[in-house]
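Visitor: I've got the model open on my bench screen. Please pick one spot, take me in close, and then show me what you find as you work outwards from there.

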Amino acid sequence: MMDEIFTPHLQAIEPHAQFTFKLPIIESSLGKKYYAKVGSLNEREQFVGEAESLKAIHNAAPGLAPQVFAAVHPDGAASASERPYFLSEYRNITSLASNSKAGEELGKRLAAELHAYQSTNGFGFHVPTFCGATRQENGWYQTWEECYIAMIGSLLTMLRDKGRFSEVCTKGEEVKSKVIPYLLRPLKISPVLLHGDLWSGNAGIDSSTGQPVIFDPSSYYGHNEADLAIARIFGGFPRSFFEKYHEYLPKTEPVDQYELRADLYELYHYLNHTVLFGSSYAGSALRKMDALLRACP
């Protein structure tokens, strides 16, 4: 089954090679390695979202993420019985945390390439993507304010449907109606490509080149500062990453609201972690919302 899926794609890349399958790794007789994933039928959207995100990142910043060679078609034209898959280059990835030089390079490439790659369709993305296991419906919006209200609103709906977290949902609605318009409506920004889930577990160093690499994206086009949020929460990025990033891409005006915007963007991930992992993250979400509601009229 796996041979049938991947062999035609591999032969198109290396027509004279033989291939050894030890999934998720495939090795060719000519020395190349590939990374291959096959999912269950109900994971089709996840595979499409990840593959389309990786393709977009590769277009914006070649080499920064693994290149996708083949994947299930995003428009659903394939047979409903076809298991989702994708085939990409293999990267042997090590930790970024203590490598100041690689952190600088990642900050530079994120600012100068990925976050310079603009959408012509507005804010959002053309397919759903998944932040962890959470489905982001995406779609297109003309303003960042509208897009972010929809993103936060989707998480609040998920929390409401769980029949718990009433305080989180009530304060979340206040954030939607007061904080988001106050902080985001005045921004003069263009929609740029984001990784979407850029924590330390989704970034590292390619051991063969020493260059930074990002993976497992949940991409959409939004405000560049939103891509720094989960990195701030969980750490694992050297200080040089943030310093070099803002050398190439200064903080958005008004600069004096930068930290408040950072709190607002972190809130998305605290709410999402509440959806995924329960009440252990609800307190953090509430504290963020309280601080934002106090600071914004």
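Guide: Let's start at alanine 133, which sits in the loop between β8 (129–131) and β9. Keep in mind that this is a predicted model. Is alanine 133 buried or exposed? Its relative accessible area is 61%, so alanine 133 counts as exposed, the cut-off being over 50%. For a sense of distance, try glutamine 211: 78 residues separate it from alanine 133 in sequence, and the two C-alphas are 28 Å apart in space.

Now look at the opening beside that loop. The largest pocket takes up about 370 Å³. It has 21 lining residues, and Phe130, Cys131, Gly132, Ala133 and Asp197 are the ones nearest its centre. So our starting alanine is part of that central group. Elements that put two or more residues into this lining are α2 (44–60), β8, α6 and α8. By class, the pocket wall is a mix of 10 nonpolar, six polar and five charged residues.

Since a cysteine has turned up there, let's check the sulfurs. How many disulfides are there? The count is zero. Take cysteine 169: its closest cysteine sulfur belongs to cysteine 131, one of the residues nearest the pocket centre, but the gap is 18 Å, too far for a bond. Cysteine 169 is also buried, at 5% relative accessibility. Cysteine 296 tells a similar story: the closest cysteine sulfur is in cysteine 147, 19 Å away, which again is too far for a bond. Cysteine 296 is buried as well, with 5% relative accessibility.

Cysteine 147 takes us to helix α4, which covers residues 144–161. Its 18 residues reach 26 Å from first C-alpha to last, close to the 26 Å expected at 1.5 Å a residue. A good many of its residues are buried, namely Trp144, Glu145, Cys147, Tyr148, Met151, Ile152, Gly153, Ser154, Leu155, Leu156 and Leu159. What covers them? The list includes three strands, β7 (123–125), β9 (134–136) and β10 (139–141), along with α5 (166–184), β14 (220–222) and α8 (258–277). After α4 comes glycine 163, with a positive phi near 75 degrees.

Two of those buried α4 residues, Tyr148 and Met151, also face a closed space inside the protein. There are two cavities of 30 Å³ or more, and the largest holds about 80 Å³. Besides Tyr148 and Met151, its lining is made of Gly196, Tyr220, Ala226, Asp227, Ala229, Ile230, Tyr265, Tyr268 and His269. The elements giving two or more residues to it are α4, α6 (229–234) and α8, with α8 supplying the largest share, three residues. The wall is mostly greasy, with eight nonpolar residues against two polar and one charged.

The second largest cavity has about 40 Å³ of space. Glu225, Leu228, Arg232, Tyr258, Ala262 and Tyr265 line it, and once more α8 gives the largest share, three residues. Here the split is four nonpolar, no polar and two charged. Tyr265 is worth a click, as it appears in the linings of both cavities.

Notes. Residues numbered from 1 in each chain as written. Predicted model: local features only at pLDDT ≥ 70, side-chain atom pairs only at ≥ 80, totals over all residues. Heavy atoms only, no water. Helix = DSSP H or I, 4+ residues; strand = E, 2+ residues; numbered from the N terminus. Expected span 1.5 Å × (residues − 1). Buried < 20%, exposed > 50% of the residue type's maximum accessible area, 1.4 Å probe, protein only. Contact = heavy atoms within 4.5 Å. Disulfide = S-S within 2.5 Å. 1 Å grid on protein atoms, 1.4 Å probe; cavity = no way out; pocket = protein on both sides within 12 Å on 5 of 7 lines; lining within 4 Å. Points joined across faces, edges and corners; volume = space filled by probe spheres on them. Nonpolar A, V, L, I, M, F, W, Y, C, P; charged D, E, K, R; others polar.
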